[in-house]
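Colleague: Before I use this model, I should like to hear how its descriptive terms are justified. Please set each value against its criterion.

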Amino acid sequence: MPLRSEYTLHQSDLNEFLSAPLWEEENGSRLSVLSALARLGIDPWAEAARLAALPRDAAASALAVILRRLPAQQPEAPDAVATADRLVRLLPEGGSATAPNGEVVDRSRRTGTVNPWFLLLLMAALVAWGMMSFWS
């Protein structure tokens, strides 16, 4: 039986962003974006997907607000705005292929887009139908 999605490692275009370190904590371990979001009770994949869909400036501002909510556990806590600017560059441009629920979706199957091959096939069928009607 396969594992439920909340118990699996998500393979997505958001992993680089989510695994990026924010800073080194007092115990010497690095705090990742994923861990920081989880500490705040925010779904890391949903938030990363939301940020990826925003323009870079808006994503950086939104992330800076989130980072300011983290308790500073070191005397020289890095600037939230500079850290957010650095991190949003790791997000995929134009949105993510990862849905807010953490599942990877096929970006070519977005709603509202029509496959050009489908249009070509439809045109060919219409031309064939028109020629048959003309000759009969």
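The exchange below takes up the terms one at a time.

Modeller: One caution comes before the rest: this is a predicted model. Its protein chain has six helices and two strands, in the order α-β-β-α-α-α-α-α from the N terminus.

Colleague: Why is Glu47 called buried?

Modeller: Buried requires under 20% relative accessible area. Glu47 has a relative accessible area of 10%, so Glu47 is buried.

Colleague: What makes Arg50 partly exposed?

Modeller: The class lies between the buried limit of 20% and the exposed limit of 50%. Arg50 has 40% relative accessibility and therefore counts as partly exposed.

Colleague: Why is the contact of Glu47 and Arg50 called a salt bridge?

Modeller: The criterion is a side-chain nitrogen of Lys or Arg within 4 Å of a carboxyl oxygen of Asp or Glu. The side chains of Glu47 and Arg50 meet at 2.6 Å, N to O, so the criterion is satisfied. A search of the whole structure finds one salt bridge.

Colleague: Where do Glu47 and Arg50 lie?

Modeller: Both are in helix α3 (residues 44-53), three residues apart, which is about one turn of the helix. In an α-helix there are 3.6 residues a turn, so residues three or four places apart point the same way.

Colleague: Which residues of helix α5 are buried, and how do you know that they line one face?

Modeller: In α5 (residues 80-88), the buried residues are Ala80, Thr83, Ala84, Leu87 and Val88. Viewed down the axis of α5, they fall within an arc of 125 degrees, so they line one face of the helix. Their cover includes α1 (15-19), β1 (21-24), α2 (33-39) and α4 (56-68).

Colleague: What makes β1 and β2 a pair of strands?

Modeller: Pairing needs at least two bridges between the strands. Three bridges join β1 to β2 (residues 30-32), and the two strands run antiparallel; the requirement is therefore met. Pro21 stands opposite Ser32 in β2. The hairpin has five residues between its strands, and Gly28 in this hairpin takes a positive phi near 95 degrees.

Colleague: Which residues form the nonpolar surface patch?

Modeller: The patch is formed by Phe118, Leu119, Leu122, Met123, Leu126 and Trp129, with about 670 Å² of accessible area together. Phe118 is found in helix α6 (residues 116-135).

Colleague: How much of the protein chain counts as buried?

Modeller: Of its 136 residues, 32% count as buried. The chain exposes about 9,400 Å², of which carbon and sulfur atoms supply 61%.

How values were computed: Residues numbered from 1 in each chain as written. Predicted model: local features only at pLDDT ≥ 70, side-chain atom pairs only at ≥ 80, totals over all residues. Heavy atoms only, no water. Buried < 20%, exposed > 50% of the residue type's maximum accessible area, 1.4 Å probe, protein only. Helix = DSSP H or I, 4+ residues; strand = E, 2+ residues; numbered from the N terminus. Arc of directions from axis to C-beta. Contact = heavy atoms within 4.5 Å. Patch = residues over 30% accessible without salt bridge, like charges linked within 9 Å, V, L, I, M, F, W, Y side chains within 5 Å. Areas by Shrake-Rupley, 256 points an atom, 1.4 Å probe, with all protein chains shown as cover.
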